Amino acid sequence: EGADLFHFHYDFVQKEEMHGIVVGGNIRCLLKLAGTEYWPDMTGKILLLEARSGGIPQMVTYLNQLKQMGVFEQIAGLLLGTFTEMEREGSSPSIIDLVKKYANADIPIAKTSEIGHAANSKGIVIGKELHIN
C-alpha cells in the first residue's frame, strides 16, 4: 500500500538517490511558517517545493530565505514539482538552474512534472517516507 502512494515520474538533476520523510509543498505557503512553531524540522528530510505563481524574482527571494535559514544544510534531498508560471513563460534561468545556485552541490535534486497545481497533478503524502533512485 505504501509504495502505491508515490507513483510519479521524476528525473534526477543532481546526484541519483534520495531517502527521507517528505516535508514542504508550495514554496510561498511553506515560508509563511518560518519563525513559527509550525515550521517543520528539516533535518534529514526530503523537501518538496512547487509553485503555481511567481517568476524569477520571487523564487530568488524564496530560495535566499531558505538558504539563510540553513535549510539546504539540513535536508537529505530536494524534490521539485511544477513551477507553473515560470514553466509556462519559459523563464531563464529555469527553476532547476536557480535551485542549483542556492542548494549545496552534494544535495540530491529531482524534478517531477506530476506534482503541483495542474489539473492532472498527482498527490504526495507529506510526512511519509520516500526513497527514489
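Arg 52 touches Asn 26, Thr 84, Glu 85 and His 117, leaving aside residues up to four places away in sequence. In this predicted model, Arg 52 sits in the loop that leads from strand E3 to helix H2 (56-68). The far end of that helix offers a useful sense of scale: Gln 68 is 16 residues from Arg 52 in sequence, and the two C-alpha atoms are 23 Å apart in space.

One of the contacts of Arg 52, His 117, is also touched by Thr 82. Thr 82 belongs to strand E4 (residues 77-83). Is Thr 82 buried or exposed? Its relative accessible area is 8%, and the limit for a buried residue is under 20%, so Thr 82 counts as buried. Beyond its neighbours within four places in sequence, Thr 82 is in contact with Glu 50 and Ala 51, with Glu 87, and with a run of later residues that includes Lys 111, Thr 112 and Ser 113. Ile 115 and Gly 116 are also among its contacts.

It helps to step back to the whole chain here. The protein chain holds five helices and six strands, and from the N terminus on these elements follow the order β-β-α-β-α-α-β-α-α-β-β. The strands form an open sheet of six, ordered E1-E5-E4-E3-E2-E6, in which the pairing is mixed. E1 and strand E6 (129-132) stand at the edges with a single partner strand each, so one side of each has no neighbour in the sheet. From one strand to the next, the twist averages 35°.

Several pairings can be followed residue by residue. Strand E2 (residues 18-26) runs antiparallel to E6, and four bridges join the two; here His 19 has His 131 in E6 as its bridge partner. E2 also pairs with strand E3 (residues 46-51), this time in the parallel sense and over five bridges, and Gly 25 stands opposite Leu 49 in E3. Toward the other edge, E1 and strand E5 (residues 109-111) pair in the antiparallel sense over three bridges, with Lys 111 in E5 as the bridge partner of Asp 11. Lys 111 is also one of the residues in contact with Thr 82. For readers tracing side chains on screen, those of a regular strand alternate between the two faces of the sheet.

Edge strand E1 (residues 11-14) includes Gln 14. What is the status of Gln 14 in terms of accessibility? Its relative accessibility is 13%, so Gln 14 counts as buried. A polar atom of the Gln 14 side chain lies 3.3 Å from the backbone oxygen of Ala 105. Ala 105 is also among the residues that Gln 14 touches, along with Lys 100, Asn 104, Asp 106, Ile 107, Pro 108 and Ile 109, not counting residues up to four places away in sequence. The next residue to consider, Lys 15, is in the loop between E1 and E2. Lys 15 is partly exposed, with a relative accessible area of 48%. Although Lys 15 is not a glycine, its phi is positive, at about 65°.

A second backbone feature worth a look is the peptide bond from Ser 92 to Pro 93, which is cis, with omega near 10°. Pro 93 lies in the loop between helix H4 (84-89) and helix H5 (95-102). Most residues other than glycine have a negative phi, and most peptide bonds are trans.

Among the helices, H3 (residues 71-74) contains Val 71. With a relative accessibility of 1%, Val 71 counts as buried. Its contacts beyond four places in sequence are Trp 39, Met 42, Leu 47 and Leu 66. Val 71 and Asp 41 are 30 residues apart in sequence, with 9.3 Å between their C-alpha atoms.

Taken over the whole chain, the radius of gyration is 14 Å, which agrees with the value near 14 Å for a compact globule of 133 residues. The C-alpha atoms fill a box of roughly 40 × 30 × 25 Å along the principal axes. Buried residues account for 42% of the 133 residues. Of the contacts between residues at least 6 apart in sequence, 82% join residues at least 24 apart. The accessible surface comes to about 7000 Å², and 48% of that belongs to carbon and sulfur atoms.

Conventions. Residues are numbered from 1 along each chain as its sequence is written. This is a predicted model: local features need pLDDT of at least 70, side-chain atom pairs count only at pLDDT 80 or more; totals for chains, interfaces and linings use all residues. Side-chain values use heavy atoms; hydrogens and water are left out. Buried means under 20% relative accessible area, exposed over 50%, partly exposed in between (1.4 Å probe, protein chains only). A polar contact is a pair of N or O atoms within 3.5 Å; within protein, one must be able to donate a hydrogen and the other to accept it, and residues adjacent in sequence count only if both atoms are side-chain atoms. Contact means heavy atoms within 4.5 Å. Two strands pair if DSSP finds at least two bridges between them. Axes are lines fitted to C-alpha atoms, for helices over the stretch in contact, and angles run from 0 to 180 degrees between N-to-C directions. The radius of gyration is taken over C-alpha atoms; the globule rule is 2.2 Å times the number of residues to the power 0.38. Accessible areas come from the Shrake-Rupley method with a 1.4 Å probe; for residues, only the protein chains shown count as cover.
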